[in-house]
Structures are given as C-alpha cells and as structure tokens.
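Welcome! Here is a short, friendly briefing to help you find your way around a structure you have not met before.

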Amino acid sequence: MTKKNYIIANWKMNLDLMSLNIFFNHIKFDEIDVNKKEIIFAPSFVFIEKTLNLIGDNTASVAAQNLFWEAKGAYTGEVSAKQLADIGCKYVILGHSERREFFNETDEMINAKIKLALKHRLKPIVCMGESFEEKEQGLTKKIIEQKLSACLSEISTGDMRNIIIAYEPIWAISTNVNNTGQSDTPESAQVVHKFLRKNLESLYDSVVTEKTPIIYGGSVDADNVGGFAKMEDIDGVLVGGASKESSSFQKVINNYST
Ligand code: PGA
C-alpha cells in the first residue's frame, strides 16, 4: 500500500510579513512530488489568507495552529472553526504541547476542539507526547494511551478518516528546556507509532488502524528526516525550527523519501 506522507511546517509565532514573502519567493514547488507528499503550512492566524494567496496554484494546504472550543460568542481574542473554514483553511493543529503547557489545555478541551473542527470540515492534526520526566519514569506508553483515548473520546470511525495523529515527545521539541539538541531516534519513535496504531485498533477498526496517518514531530531537520521517513508506521513529519526558512524546509521535503 502506498503511504501518504504529510510534511507540515509549524511556524508557531515566528514568521512575519517580510519573512513570509521571502519564504514563498524561494520555495521551489516544482521540486516536490505532490503525488507522494502533502505539504501543509501552519502560519499564525493573521497570515492564513496571505499564505493561501502565496501558495496560489501550487499544491499545498494551510493549517491553523489552534481554534476555540465553542462555536461562536463572547470569547474575546479567540478564533472559531467556522471562521477558519470560511477563509479556506483545511487543517488545524490541536493539542500542541506548547498550548498544553502555556495555556493549560487539557485533553477534554482538545476533544471539544476536535469535534468542532470536524463539524466544519477542518481536518485536525492532533498532537500528543510525553514529558521528559514521564519518559524517564518509563511512562511513555501509558501517557500516550491516555491522551489518545481522551482526545478521541466520542469521535466516530467515520470521522477518523479526517484525523492525523502527531506523536511529539515534548522533550524532543527543539525549543523545550529538556531538549539536548536531539530528536527522538527513528527506531524509538517507530515503537511509539506502532503502539499508537495498536491502540487505534482497540478503539476503532482495522481500516482506521491502517489508514490513520501518524506523523512524528520533534527536532526534525534535513539530516534526520530520512530516518523517520523510512519507518513503517511514520507517515510524515511536523517540523518547527527547520521549517522557518525555505532552504532548510525544502531540504526536509526533498530528503523525505520512503
Ligand atoms: P521543532 O518543533 O521541529 O522545532 O522541534 C516541532 C513542533 O513543535 O511541532
């Protein structure tokens, strides 16, 4: 079976207008095999429409980095699923560890956001991972199992067709205090990905188990991406630091080969 591979640039709160323009002036879409790779850019809310314009006729999509768990109303400063869908956003990153850490997001909030995203035909990219302490205590699988079932609570088998799971060990994220300049190894990430797939099997059916994309994130760069790409249960990468400049992101894309 041909795997569909997702290469997602999580720009976090980084690119400004000038750097966004420079990025798209230099990225070479014609080098990308769009039959095998789906490229997704996740800018800050304010630049979603600009990014869509800069993508133009090229084959790539845009993800938001968050949305609010209520459909509409008096929630100053928040952005709704419908508003994102209205402007052409196709994906939304939910449950990123930075949102869990700095904004106290819980699995229950993330679950509510997933439901709203799906209602408005946005595809959630649902992030989960263990902390450094949890890893040291050998709790990785337990934490992942808990987060997966809580985030996907009451999500139907049919809706799973539109969900991407991102395994992001928190300690491996390049800006995390516990990061030693290292990503997880492809081999140990593969163990967790396989475990996630096994859990999907107990929550859903064999189709969901086989088809749900499970991508890896945490210090992915042009040098290590090839190792992750080769792993059986890794269907793409979520890239932070190495996606900020077109030259390094282009190399990540080009070096991703299954
Ligand atoms: P990183 O970020 O590639 O800089 O480690 C990944 C992420 O936070 O999604």
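Which residues of the largest nonpolar core touch the most other members? Phe41, Phe249 and Val252 do, in a core of 67 residues. Please keep in mind as you look around that this is a predicted model. The points below start with the cores, go on to a strand and its partners, and end at a pocket and a residue beside it.

**Nonpolar cores**
- Phe249 is a good place to begin, and leaving aside residues up to four places away in sequence, Phe249 touches Ile7, Ile8, Ala9, Phe23, Ile27, Ile39, Phe41, Val239, Ala242 and Ser243.
- Phe41 appears twice here, since Phe41 is among the contacts of Phe249 and is also one of the residues that touch the most other members of the largest core.
- Another core lies apart from the largest one; this other core has 13 residues, including Ile40, Ile93, Ile164 and Leu238.

**Strand S7 and its partners**
- Strand S7 covers residues 214–217, with Ile214 and Tyr216 pointing one way and Ile215 and Gly217 pointing the other way.
- Whichever way they point, these four residues of S7 are all buried.
- Strand S6 (residues 164–167) runs parallel to S7, and three bridges join the two.
- Ala166 has Ile215 as its bridge partner in S7.
- Strand S8 (residues 236–239) also pairs with S7 in the parallel sense, over two bridges.
- Leu238 in S8 stands opposite Gly217, and Leu238 is also among the members of the 13-residue core.

**The second largest pocket**
- This pocket has a volume of about 440 Å³.
- Its lining is made up of 14 residues, and Lys12, Met13, Gln65, Arg99 and Phe103 are the closest to its centre.
- Helix H4 (residues 97–102) gives the largest share of this lining, with three residues.
- Sorted by class, the lining has six nonpolar, five polar and three charged residues.

**Met13, beside the pocket centre**
- You can find Met13 in the loop between strand S1 (5–10) and helix H1 (17–26).
- Is Met13 buried or exposed? Met13 is exposed, because its relative accessible area is 77% and exposed means over 50%.
- Met13 touches Ser44 and Gln65, again not counting residues up to four places away in sequence.
- Gln65 is thus worth a second look: Gln65 is a contact of Met13 and one of the lining residues closest to the pocket centre.
- Met13 and Phe45 are 32 residues apart in sequence, and their C-alpha atoms are 9.6 Å apart in space.

Terms used. Residues are numbered from 1 along each chain as its sequence is written. This is a predicted model: local features need pLDDT of at least 70, side-chain atom pairs count only at pLDDT 80 or more; totals for chains, interfaces and linings use all residues. Side-chain values use heavy atoms; hydrogens and water are left out. Buried means under 20% relative accessible area, exposed over 50%, partly exposed in between (1.4 Å probe, protein chains only). Two strands pair if DSSP finds at least two bridges between them. On a 1 Å grid over the protein atoms alone, a cavity is a set of points where a 1.4 Å probe fits but cannot get out, and a pocket is an open set with protein on both sides within 12 Å along at least five of seven lines; lining residues have an atom within 4 Å of a point. Grid points are joined across faces, edges and corners, and a volume is the space filled by probe spheres set on the points. Ala, Val, Leu, Ile, Met, Phe, Trp, Tyr, Cys and Pro count as nonpolar, Asp, Glu, Lys and Arg as charged, and the others, Gly among them, as polar. A nonpolar core is a set of buried Ala, Val, Leu, Ile, Met, Phe, Trp, Tyr and Cys residues joined through side-chain atoms within 4.5 Å. Contact means heavy atoms within 4.5 Å.
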